[in-house]
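Trainee: Could we go through this structure together?
Mentor: Certainly. Please have the sequence and the model open.

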Amino acid sequence: MVSSQDQKLIDEIKALAAKVNLDIAGAKVRRSSSRFCLGVEHGDYNGTELFGVGTDRFIWMAYKPNGTHKMRLYSGNFPDDGVVEFELGRVPDPQSAEMADTWARFPCGVDFILRREGLPLDKGMDAVLIGNIPGGGMSRSASLTLNLILSALDVNGIAAPDMMQVVDLAQMVENDYIGSPCGKLDQIMIAFAKAGMGTHYKPADRSIEYVPLGAGADDFRIMVMDTGTVRPGLEKSTYKIRRAECEELVAKARQAGFKISCLADIRDKSLFDQIKSRFEQDASHLVARMDYIYNAQKRFYEMMDAWKAGDIETVGRIFRQDGIGLRDDYVISGPELETMCDIVRTVPGVLGERMLGGGDKGAAGALVLADSAETAKQAVDTAYPRSRPAFADKYAVHTCKVVDGIKLFEDVL
Ligand code: GLA
């Protein structure tokens, strides 16, 4: 079903296509969502289980074969980049300087990776896209990459590999072509998202389980508070440093004879205590990172039980505790993100709040009782511009619904 929001964006796409002379008559439209992670934030590259939902901020992309060997794409979000055009199989090298500042690195990366991985594209497509996912925290880049991969495979008549392989391919585009050291959280939470469900991922067997929120839960909202700041790529942020620190501690611990392969392997209290006392003196900052992962992983299972029981208050309380760990032990938050958290934390009915995603900048999130959502938004509207006048015209509050991750509309153009 095409909602009025979808229709509005499809109409915008039509107008953009006319403006840049791309023919999208009869094109399909693929819509890809954003995601909201309930745990363990920064757990994906540390080997923990993951839980999250798809949220209703999207990228819509109209696409159809153009009968050539070229890709021609236009994004309404990056009008200055104009129509991105390139010959399939002839893209700049990974991480080229010429690509650093244009969104063209995503479609070029998709062509590059699919070819490298034995799924070469030879049919070009015309595509026009537009999105309303804020940058930093809601996985805009993963949404775009998944959308491009699935659409390019469709145009080329290549049966999409199973969704977990698509997740892997999308991560390769970011890791190997773009140079972003992201994990798989974002891709998993978007690719598998289902309306009304939480997605539980277990790395041990790479399985997905859908977990509905337990009956009788208080009506609540997911709020995303975009600080208006711009987060540079993960390769240029604290994210990269934290990843390296986690790996460093694992390497040190292994050298000292502890049998672990990632921080998530430290589940047992006595193992945790031994590693802590061994490294606290020389590497207290690394121990602090472990502290966060250890405690967040313990809370994760409590959070899952609470979700299943419909106890959204506990889910919120754990979300808040995770936020404090991310701020103080993992040290991955940022001043504007914490301003947002501090503001909504004062509002009764806000169950929990924390930074979201990669860190430093971007968006914070909150779980809020439905009746308090408007008050929480008003609190932000009053306090945030006072605290952060530089972002008074740039911040935004999004109240989100839990939705399907990937949706295809046909016969709409
Ligand atoms: C970013 C990365 C993900 C994940 C989160 C933190 O969104 O892309 O892989 O590590 O940060 O949970």
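**Cysteines, ligand and backbone**

Mentor: Let us begin with Cys-262, which counts as buried at 18% relative accessibility. Please keep in mind that this is a predicted model.

Trainee: How far is the sulfur of Cys-262 from the closest cysteine sulfur?

Mentor: The closest cysteine sulfur belongs to Cys-246 and is 10 Å from that of Cys-262, which is too far for a bond. A disulfide requires the two sulfur atoms to be within 2.5 Å.

Trainee: And Cys-37, is that buried or exposed?

Mentor: Cys-37 is buried, because its relative accessibility is 1%. Its sulfur is 14 Å from the closest cysteine sulfur, in Cys-182, so the separation is too far for a bond.

Trainee: How many disulfides are there in the whole structure?

Mentor: A search of the whole structure finds zero disulfides.

Trainee: Changing topic: how many residues surround the ligand?

Mentor: There are 13 residues around the ligand, and the closest are Glu-41, His-42, Asp-44, Asp-186 and Tyr-239. By class, this shell has five nonpolar, four polar and four charged residues.

Trainee: Which atoms of Glu-41 and His-42 come into play?

Mentor: For Glu-41, a polar side-chain atom lies 2.6 Å from an oxygen atom of the ligand. For His-42, a backbone N or O atom lies 2.7 Å from a ligand oxygen atom.

Trainee: What about Asp-44?

Mentor: The side chain of Asp-44 has an N or O atom 2.6 Å from an oxygen atom of the ligand. The ligand taken alone exposes 310 Å², and the protein buries 96% of that.

Trainee: Now the backbone. Which peptide bond is cis?

Mentor: The bond from Gly-39 to Val-40 is cis, with omega near -20 degrees. Val-40 is found in the loop between strand E1 (28-39) and strand E2 (50-65).

Trainee: Which residue between helices H9 and H10 should I look at?

Mentor: Please look at Val-331, in the loop between helix H9 (312-328) and helix H10 (335-345). Its phi is near 50 degrees, a positive value in a residue other than glycine. Val-331 is partly exposed, because its relative accessible area is 38%.

Trainee: What is phi for Asp-411?

Mentor: Asp-411 has a positive phi of about 60 degrees, although this residue is not a glycine. Asp-411 sits in the segment after strand E12 (406-409). With 78% relative accessibility, Asp-411 counts as exposed, because exposed means over 50%.

Trainee: Let us go to the other end. Where is Ser-3?

Mentor: Ser-3 is in the segment before helix H1 (4-20). Its relative accessibility is 26%, so Ser-3 counts as partly exposed.

Trainee: Which residue does its side chain touch?

Mentor: The side chain of Ser-3 makes a polar contact with that of Asp-6, at 3.0 Å. Ser-3 can also be compared with Gly-359: they are 356 residues apart in sequence and 33 Å apart in space, C-alpha to C-alpha.

Trainee: Finally, the overall picture. How many helices and strands does the protein have?

Mentor: The protein has 11 helices and 12 strands. Buried residues make up 57% of its 413 residues. Along the principal axes, the C-alpha trace spans about 65 × 50 × 40 Å.

Trainee: Why does the radius of gyration agree with a compact globule?

Mentor: It agrees because a compact globule with 413 residues would have a radius of gyration near 22 Å, and the protein has 21 Å.

Notes: Residues are numbered from 1 along each chain as its sequence is written. This is a predicted model: local features need pLDDT of at least 70, side-chain atom pairs count only at pLDDT 80 or more; totals for chains, interfaces and linings use all residues. Side-chain values use heavy atoms; hydrogens and water are left out. Helices (H or I, at least four residues) and strands (E, at least two) are DSSP runs, numbered from the N terminus. Buried means under 20% relative accessible area, exposed over 50%, partly exposed in between (1.4 Å probe, protein chains only). A polar contact is a pair of N or O atoms within 3.5 Å; within protein, one must be able to donate a hydrogen and the other to accept it, and residues adjacent in sequence count only if both atoms are side-chain atoms. A residue is near a molecule or strand if one of its heavy atoms lies within 4 Å of it. Accessible areas come from the Shrake-Rupley method with a 1.4 Å probe; for residues, only the protein chains shown count as cover. Ala, Val, Leu, Ile, Met, Phe, Trp, Tyr, Cys and Pro count as nonpolar, Asp, Glu, Lys and Arg as charged, and the others, Gly among them, as polar. The radius of gyration is taken over C-alpha atoms; the globule rule is 2.2 Å times the number of residues to the power 0.38.
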